[in-house]
Amino acid sequence: MTLDFDDRFRRRRRIVAEDGFAFLLDLEEATALRDGDGLLLEGGGVVLVRAAPEPLVEIAPRARAG
């Protein structure tokens, strides 16, 4: 499943993967899922977590006057 940053930080949520496979993510606490993590399913099998491409913002300090 491919998720953006916000969707990879969850505790409980219904998720539908790209192939239509749906499951309930139900973790004990909110967890940041990383690209390459796997979720072990109760019935067997693993769902691979992929980070969705997202735009980045570059932040740089201004030069000090002086």
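**Exercise 1. Determine which residues R8 touches, leaving out those up to four places away in sequence, and whether R8 is buried or exposed.**

Step 1. With contact taken as heavy atoms within 4.5 Å, R8 touches L3, T31, A32, L33, R34, D35, V49, R50, A51 and E54, not counting residues up to four places away in sequence. The model is a predicted one, in which local features need pLDDT of at least 70 and side-chain atom pairs count only at pLDDT 80 or more, while totals for chains, interfaces and linings use all residues. Residues are numbered from 1 along each chain as its sequence is written, and side-chain values use heavy atoms, with hydrogens and water left out.

Step 2. R8 lies in the loop between β1 (2–3) and β2 (9–16), where strands are DSSP runs of E with at least two residues, numbered from the N terminus.

Step 3. R8 counts as buried because its relative accessibility is 12%, the class being set at under 20% relative accessible area, with exposed over 50% and partly exposed in between (1.4 Å probe, protein chains only).

Step 4. A polar atom of the R8 side chain lies 3.2 Å from the backbone oxygen of L3, and the C-alpha atoms of R8 and A51, 43 residues apart along the chain, are separated by 7.8 Å.

**Exercise 2. Place V46 in its element and decide whether V46 is buried or exposed.**

Step 1. V46 is found in strand β5, which spans residues 46–48.

Step 2. Because its relative accessible area is 58%, V46 is exposed.

Step 3. Not counting residues up to four places away in sequence, V46 touches G38, L39 and L40, whereas V46 and R11, 35 residues apart in sequence, are 18 Å apart in space, C-alpha to C-alpha.

**Exercise 3. List the residues of the largest nonpolar core and then trace the contacts of L39.**

Step 1. The largest nonpolar core (buried Ala, Val, Leu, Ile, Met, Phe, Trp, Tyr and Cys residues joined through side-chain atoms within 4.5 Å) has 11 residues, namely M1, L3, I15, A17, F23, L25, L33, L39, L41, V47 and V49.

Step 2. Leaving aside its neighbours within four places in sequence, L39 is in contact with M1, F23, L25, L33, G45, V46, V47 and V49.

Methods: Helix = DSSP H or I, 4+ residues; strand = E, 2+ residues; numbered from the N terminus. Polar contact = N/O pair within 3.5 Å; in protein donor to acceptor, adjacent residues only side chain to side chain.
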